[in-house]
Amino acid sequence: MKLSEQIKKQDAKAFTHSGKFHADDVFSSALLLYLNPQITITRGNRVPEGYDGIVFDIGRGRYDHHQRDSRVRENGVPYAAFGLLWEELGGEILGGTLAQRFDEEFVQPLDNNDNTGEKNELASLIGNFNPVWDETEAADGLTEEERARGLSVGFLRAVQVAGMVLENKFARYRADARADEKIDQVLAMQETQGGDARILVLPEFVPCQKRLKETDTAFVIFPSNRGGYCIQPQKKPDSMNYKCSFPKRWLGLENEELQEATGLASAGFCHKGGFLMTVGDEADAIRACEISLEEYEQKPVIVCLWDAGEAQETKNCEREETEHLLRQIPDMTDAQICHMTLPSLPDLEVQGMYAEVAMEKEDWKKYMKDFVKQVLEYQPEAVYVTADLFAAYPVVHALRKKHVPILMHTKKEGKTRIVRLPSGS
């Protein structure tokens with residue numbers, strides 16, 4: 001019998017471990033309840049002899065992961081019970097493609113947390129439903145039957161929250177799929193009608209940033225729920241920068257001031273961050289995009305980070321070589337190369353060959369945050385690091401959290417290569 005059929009049986013039941021609960025067994029329980037709200041879940045220290053229900057996260061069986069030969073995904077992320085259950089059930093819930101995406105983006109981080117202890121905010125939230133160290137599990141409000149099944153108030157609350165999270169996530173993944181399908185239809189229609197492929201007019205708001213990153217679309221126009229039209233610039237692939245930006249003189253203006261700056265009678269508002277503009281009619285929206293495309297001349301920027309203590313002659317020589325190398329990167333022939341010196345190293349508390357930063361943690365964080373802010377003012381397409389690891393790592397870590405691509409050099413087969421580290425922390 002298929003797992004989904006077993007879950008949906010009228011008298012379906014499942015068993016998992018008792019004691020402290022984690023995101024793994026909680027989300028596994030929520031998943032079973034999503035498919036069958038009437039399934040009976042029991043918790044205990046040992047699987048009952050001859051138990052004929054679904055057993056997960058205990059018992060060394062098919063849906064446990066505590067045995068030595070437990071399964072690991074091809075990408076190296078080990079399965080936990082939630083992932084093992086999702087592997088069989090996900091396709092039925094979301095379909096193959098979306099189920100795989102859901103596994104990569106949602107299930108795998110929770111599985112990894114359970115197996116390795118890697119920090120995960122959602123797992124921490126679920127774990128906080130356990131009683132604190134000097135309290136016993138609350139039994140008030142439970143039925144005798146729920147107590148007999150080893151349930152607790154905290155566990156039931158955690159499962160309820162996990163269930164709501166799953167329902168919302170499933171709804172959003174399905175909505176994303178519908179949005180992509182809608183955008184494909186609009187793009188196909190636009191192709192037959194002609195016009196500037198860089199400007200896409202939607203009949204209604206449809207989330208499309210991810211779908212459009214790899215296209216030529218630079219601006220999206222759609223009706224605003226406040227009346228008139230919204231214009232949103234679209235980001236480049238693997239970048240926090242836009243394919244085209246509104247002219248700087250428009251940013252932060254509204255109504256009469258914006259109308260005068262743009263020459264558009266219905267111009268209403270242009271956000272100072274440049275990610276949104278509103279106008280009264282579609283013709284003005286299209287014209288705002290056309291003006292922006294006509295005036296946009298910004299070159300891509302690469303910021304190079306250097307050690308503070310290098311001699312000037314060495315810096316000049318290396319900078320010329322580095323600029324020549326960086327301009328060989330695809331689409332970076334005319335890039336603007338900006339050089340920055342990393343912050344001077346703080347004082348160290350030295351104990352023989354070992355040392356620690358003398359600066360207080362909060363001061364250290366602010367020190368690095370201020371420098372990263374200076375880097376981001378250049379709006380770089382990437383940041384190239386050729387510096388001491390101790391000096392560069394805190395900056396690199398902060399930039400990756402902001403999804404700024406990091407470039408580093410390495411040698412392979414005797415040749416220097418520029419390697420791009422994926423963005424994201």
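This is a short walk through some strands and surface patches of the structure shown above.

Hi everyone, and thanks for having me. A word before we start: this is a predicted model, so please hear everything that follows in that light.

Let's begin with an open sheet. It has 3 strands in the order β2-β1-β3, and the pairing is parallel. Which strands sit at the edges? They are β2, residues 40-44, and β3, residues 54-55, and each of these pairs on one side only. As a reminder, strands of a sheet pair through backbone hydrogen bonds, either parallel or antiparallel. Here, strand β1, covering residues 13-17, runs parallel to β2, and 5 bridges join the two. If you would like one contact to click on, take His17, whose bridge partner in β2 is Gly44.

Now please scroll along to strand β13, residues 382-386. Is this strand enclosed or open? Of its 5 residues, 5 are buried, so β13 is largely enclosed by the rest of the structure. In a regular strand the side chains alternate between the two faces of the sheet. You can follow that in β13: Ala382, Tyr384 and Thr386 point one way, while Val383 and Val385 point the other way, and all are buried.

And what does β13 pair with? One partner is strand β9, residues 301-306, in the parallel sense and over 5 bridges. Within that pairing, Ile302 stands opposite Ala382 of β13. Another partner is strand β14, residues 406-412, which also runs parallel to β13 and is joined to it by 2 bridges. On that side, Val383 has Ile406 of β14 as its bridge partner.

Let's finish on the surface, with two patches. The first one I'd like to show you is negative, and it is formed by Glu254, Glu256, Glu257 and Glu260. Glu254 lies in the loop between β6, residues 229-233, and α9, residues 255-262. How exposed is Glu254? Its relative accessible area is 44%, so Glu254 is partly exposed.

The other patch is nonpolar. Leu345, Leu348, Val350 and Phe390 make it up, and together they have about 370 Å² of accessible area. Val350 belongs to strand β11, residues 348-351. Is Val350 buried or exposed? With a relative accessible area of 57%, Val350 is exposed, whereas the residues of β13 we looked at earlier are buried.

That's my tour. Thanks for listening, and I'm happy to take questions.

Terms used:
Residues numbered from 1 in each chain as written. Predicted model: local features only at pLDDT ≥ 70, side-chain atom pairs only at ≥ 80, totals over all residues. Heavy atoms only, no water. Pairing = 2+ DSSP bridges. Helix = DSSP H or I, 4+ residues; strand = E, 2+ residues; numbered from the N terminus. Patch = residues over 30% accessible without salt bridge, like charges linked within 9 Å, V, L, I, M, F, W, Y side chains within 5 Å. Areas by Shrake-Rupley, 256 points an atom, 1.4 Å probe, with all protein chains shown as cover. Salt bridge = Lys/Arg side-chain N within 4 Å of Asp/Glu carboxyl O. Lys, Arg positive; Asp, Glu negative; His and termini not counted. Charge placed at Lys NZ, Arg CZ, Asp CG, Glu CD. Buried < 20%, exposed > 50% of the residue type's maximum accessible area, 1.4 Å probe, protein only.
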